[in-house]
Amino acid sequence: MDVVNQLVAQGQFRVLKVPLGFIKVLEWFFSILAFSTCGSYSGMFRMAVECKNRTESDLSIEVEFEYPFRLHQVYFDAPKCSGGRKQRLFLVGDYSSSAEFFVTIGVFAFLYATAALCIYAFFFEKYKENNKGPLIDLGVTAVFAFMWLVSSAAWAKGLSDVKTATDPDKVITLISACDADANRCREVHDPVMSGLNTSVAFGFINLVLWVGNLWFVFKETGIIAPFMRAPPPEGKPPVAADGQQQAGYEQDPYASNQGGYQPNYNQVLFFFFYCQNHVFFFYCHKVAV
């Protein structure tokens, strides 16, 4: 407990208030939302098959599926409407690759954001030492930005295929009893896909966050610093450490003609009063004469 209190006391949590740390907190939060909404999903849809012989009908055929969406392993039993027998049918498609890739990127992004926040809070001086920390951070951030782009696009396409494969109207076509005109097949309940839709949205939000974070990490590298130095003022020579003018500097030849001369107002006042006293003395002398 003492070690924890010491770390908290030494922590520089003010870095979380600046864009570099605050955007990392957002990345940490939205990465959790991205992989949790996808990885914890489970859905269900329901269909009904009414046979000509009502005793053979099944009005509540439930089909459940979940992450990682290996739909070719999901099966259900449907009536054949002939002698009370049933047939086992499987859904079509395996979309685990795109879903698992998306969740994996989310988990690793969460772990890296956690580690980066700890470094910012407790080891920020070592992070900026020799410029290695910001450069490594910049490279990893760029990789995650690209991975979020790829994984989000892949999962968006995979989700579209999952919706098609779990559409009750499409699944009904797999049931042979529904081909007969005497039988009636219909959907009862559609699967709820709102959680998966938000997972795709969170994926692209993470993409925006990690791309935006590139700029703030890039500024910490100091690569752009030499190009942001202000030029020395015109007409004023740069001064060396010993207070002398540096060699090789040429003063603007037009400085004296363009307002470079600054008059000494003390001398002007002295000259004015000097002239005034002499004029007054000369006037008194003429009157006396």
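## Exercises on a predicted model

Read from the N terminus, the protein chain runs α-α-β-β-β-β-α-α-α-α-β-α-α, where helices (H or I, at least four residues) and strands (E, at least two) are DSSP runs. That comes to eight helices and five strands. This is a predicted model, so to speak of local features takes a pLDDT of at least 70 and side-chain atom pairs count only at pLDDT 80 or more, while totals for chains, interfaces and linings use all residues. Residues are numbered from 1 along each chain as its sequence is written, and side-chain values use heavy atoms, with hydrogens and water left out.

**Exercise 1. Work out which helix has the lowest confidence and what contacts the poorly scored stretches make.**

Step 1: start with the average. The protein chain has a mean pLDDT (the predictor's confidence in each residue, from 0 to 100) of 80, and 73% of the residues score at least 70.

Step 2: look at the extremes. Helix α3 (residues 96-122) is highest at 95, and helix α8 (residues 265-288) is lowest, with a mean of 44.

Step 3: check the contacts (heavy atoms within 4.5 Å). Residues 245-266 stay under 50 and have 12 contacts beyond four places in sequence. Residues 268-289 also stay under 50, and there the model has zero such contacts.

**Exercise 2. Find the strand order of the open sheet and say which strands stand at its edges.**

Step 1: pair up the strands (two strands pair if DSSP finds at least two bridges between them). The order is β2-β1-β5, with antiparallel pairing.

Step 2: find the edges. β2 (58-66) and β5 (184-189) each have a single partner strand, so one side of each has no neighbour in the sheet.

Step 3: add the geometry. From one strand to the next, the twist averages 25 degrees, with axes as lines fitted to C-alpha atoms and angles running from 0 to 180 degrees between N-to-C directions.

Step 4: zoom in on one pairing. Seven bridges hold strand β1 (residues 42-50) and β2 in the antiparallel sense; S42 has E66 in β2 as its bridge partner.

**Exercise 3. Describe the β3-β4 hairpin and the two faces of β4.**

Step 1: β3 (residues 75-79) and β4 run antiparallel, joined by five bridges. A78, for instance, is the bridge partner of Q87 in β4.

Step 2: six residues lie between the two strands, and C81 in the turn has a positive phi of about 60 degrees.

Step 3: sort the side chains. In a regular strand they alternate between the two faces of the sheet. In β4 (residues 86-90), Q87 and L89 make up the covered face, with K86, R88 and F90 on the uncovered one.

**Exercise 4. Compare the ring pairs F30-F202 and W215-F218: what do they link, and are their residues buried or partly exposed?**

Step 1: count the aromatic pairs (Phe, Tyr and Trp rings, using the six-membered ring of Trp, with centres within 6.5 Å; planes under 30 degrees apart are stacked, over 60 edge-to-face, the rest tilted). The structure holds 19.

Step 2: F30 and F202 are tilted, at 6.0 Å centre to centre and 55 degrees between the planes. F30 lies in helix α2 (residues 19-39) and F202 in helix α7 (residues 194-221), so the pair ties together parts 172 residues apart in sequence. Both are buried (under 20% relative accessible area; exposed is over 50%, partly exposed in between; 1.4 Å probe, protein chains only).

Step 3: W215 and F218 are tilted too, at 6.1 Å and 35 degrees. They sit three residues apart in helix α7, about one helical turn. W215 is partly exposed at 43%, as is F218 at 25%.
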